[in-house]
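Below are some notes on the fold, set out as numbered points. They start with one strand and work outward to its neighbours and the sheet.

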Amino acid sequence: MKIELKGRKAIVTGSTAGIGRAIAEGLARAGASVVINGRGEQRVAAALDEIRALVPDAELTGIAADLSTAEGSAALVAQVADADILVNNLGTAHLNGFFEQSDSEWLDLFQLNVMSGVRAARHYLPAMARRGWGRVVFISSESAIMIPKEMIDYGMTKTAQLAVSRGLAELVSGTGVTVNAVLPGPTRSEILGNWMKATAQGQGITQEEAEQNFLKTMRPTTLLNRFTSTEEIANMVVYVCSEQASGTSGAALRVDGGVIRAIF
Ligand code: NAD
């Protein structure tokens, strides 16, 4: 199977680092023109340089906008009116105690992890449906199904993304647009990589040992017994954005290394 996305325009939110950065590179390698997004101009410029060095003929645009706010989302759509592919990747997590957390911490995470994708889909989906082709992907998490007790708010936002994704797939049924969610498991992204590095330094062990300890204690159902790479997540996303994935919509696709102990 050869995935060819020449002539398609893709937006990947939160794509200066981590999983989003790998998805942007994967889509660019498949020939799509890609909009890279992050909060700061410098990080956006650095990501553009990195991807251009790896994919010299990549067609890239950079947009610095904080998509956790309605203003940031408006700034994105003001600069990029239209897209064929939207990957709602942006998301974060904080380790926290449920009993210590404030209302505003809950609502801020909801804005970042859920509303960023809701706003982007509300803008870009109608034109995709009118044109009869489009791909929308929400990057959820294994934490959507296996709610972590140390990040209940995060689990809630990731489950919410599955609801939004499935609902939008229903809404655009029969139009040629597909809407899906991808569920990564523990992945060596920037945020989790930094966390594992800091844990390793604090305990005088290697990053691999810190990752193994994390898997044994926090994700013991893993079938891979290792973290996935950002590229492994990107491969699934690039496929689901392809012409060839036209039969898949409304799905929750796992790249969780088998952490979710279920057949479906
Ligand atoms: P990361 O922190 O490594 O990268 C996040 C990216 O988003 C960076 O480019 C950052 O600059 C950008 N960003 C952060 N806040 C932003 C904002 N307000 N506006 C615009 N850009 C912003 O994160 P990651 O681990 O690659 O996570 C990406 C997605 O994958 C998230 O939705 C996360 O929930 C999901 N996920 C990650 C893992 C994992 O193990 N890393 C597992 C399951 C799901």
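1. Why is strand β2 largely enclosed by the rest of the structure? In this predicted model, β2 covers residues 33-38, and 6 of its 6 residues are buried, so the strand is largely enclosed. Buried here stands for under 20% relative accessible area.

2. In a regular strand, side chains alternate between the two faces of the sheet. For β2, Ser33, Val35 and Asn37 point one way, while Val34, Ile36 and Gly38 point the other way. Both groups are buried.

3. On one side, β2 pairs with strand β1, residues 9-12, in the parallel sense over 4 bridges. Within this pairing, alanine 10 has valine 34 of β2 as its bridge partner. Between the two strands the chain runs through helix α1, residues 18-29, and the resulting β-α-β crossover is right-handed.

4. β2 also pairs with strand β3, residues 59-64, again in the parallel sense, here over 6 bridges. The bridge partner of glycine 38 is alanine 64 in β3. The connection from β2 to β3 goes through helix α2, residues 41-54, and this β-α-β crossover is right-handed as well.

5. How do the axes of α1 and α2 cross, and within what distance do they come? They come within 10 Å and cross at roughly 40°, which makes α1 oblique to α2. Angles from 35 to 65 degrees fall in the oblique class, since under 35 counts as roughly parallel and 65 to 115 as roughly perpendicular. The crossing of α1 past α2 is right-handed. On the α1 side the contact is made by Arg21, Ala24, Glu25, Ala28 and Arg29, and on the α2 side by Glu50, Ile51 and Leu54.

6. What is the strand order of the sheet? The sheet is open, has 7 strands and runs β3-β2-β1-β4-β5-β6-β7 with parallel pairing. β3 and β7 are the edge strands, each pairing on one side only. On average, neighbouring strands are turned by 20° against each other, direction ignored. Helix α1 packs on this sheet and touches β1, β2, β3, β4, β5 and β6. The direction of α1 makes about 170° with that of β1.

7. Further along the sheet, strand β4 (residues 85-88) pairs with β5 in the parallel sense over 4 bridges. In this pair, leucine 86 stands opposite valine 136 of β5.

8. At the β7 edge, strand β6 (residues 177-184) and β7 are joined by 4 bridges in the parallel sense, and valine 182 stands opposite leucine 253 of β7. Which residues of β7 form its covered face, and which its uncovered one? Leu253 and Val255 make up the covered face, whereas Ala252 and Arg254 make up the uncovered one. β7 spans residues 252-255.

9. One loop residue deserves a separate entry. Serine 143 sits in the loop between β5 (134-139) and α5 (152-171). Is serine 143 buried or exposed? Its relative accessibility is 1%, so serine 143 counts as buried. Leaving out residues up to four places away in sequence, serine 143 touches Pro148, Tyr154, Gly155, Lys158 and Arg219.

Key
Residues are numbered from 1 along each chain as its sequence is written. This is a predicted model: local features need pLDDT of at least 70, side-chain atom pairs count only at pLDDT 80 or more; totals for chains, interfaces and linings use all residues. Side-chain values use heavy atoms; hydrogens and water are left out. Buried means under 20% relative accessible area, exposed over 50%, partly exposed in between (1.4 Å probe, protein chains only). Two strands pair if DSSP finds at least two bridges between them. A crossover is right-handed if, with the strands pointing away from the viewer, the path from the first strand over the helix to the second runs clockwise. Axes are lines fitted to C-alpha atoms, for helices over the stretch in contact, and angles run from 0 to 180 degrees between N-to-C directions. Angles under 35 degrees count as roughly parallel, over 145 as roughly antiparallel, 65 to 115 as roughly perpendicular and the rest as oblique. A crossing is left-handed if the near helix is turned anticlockwise from the far one by less than a right angle, and right-handed if clockwise. Contact means heavy atoms within 4.5 Å.
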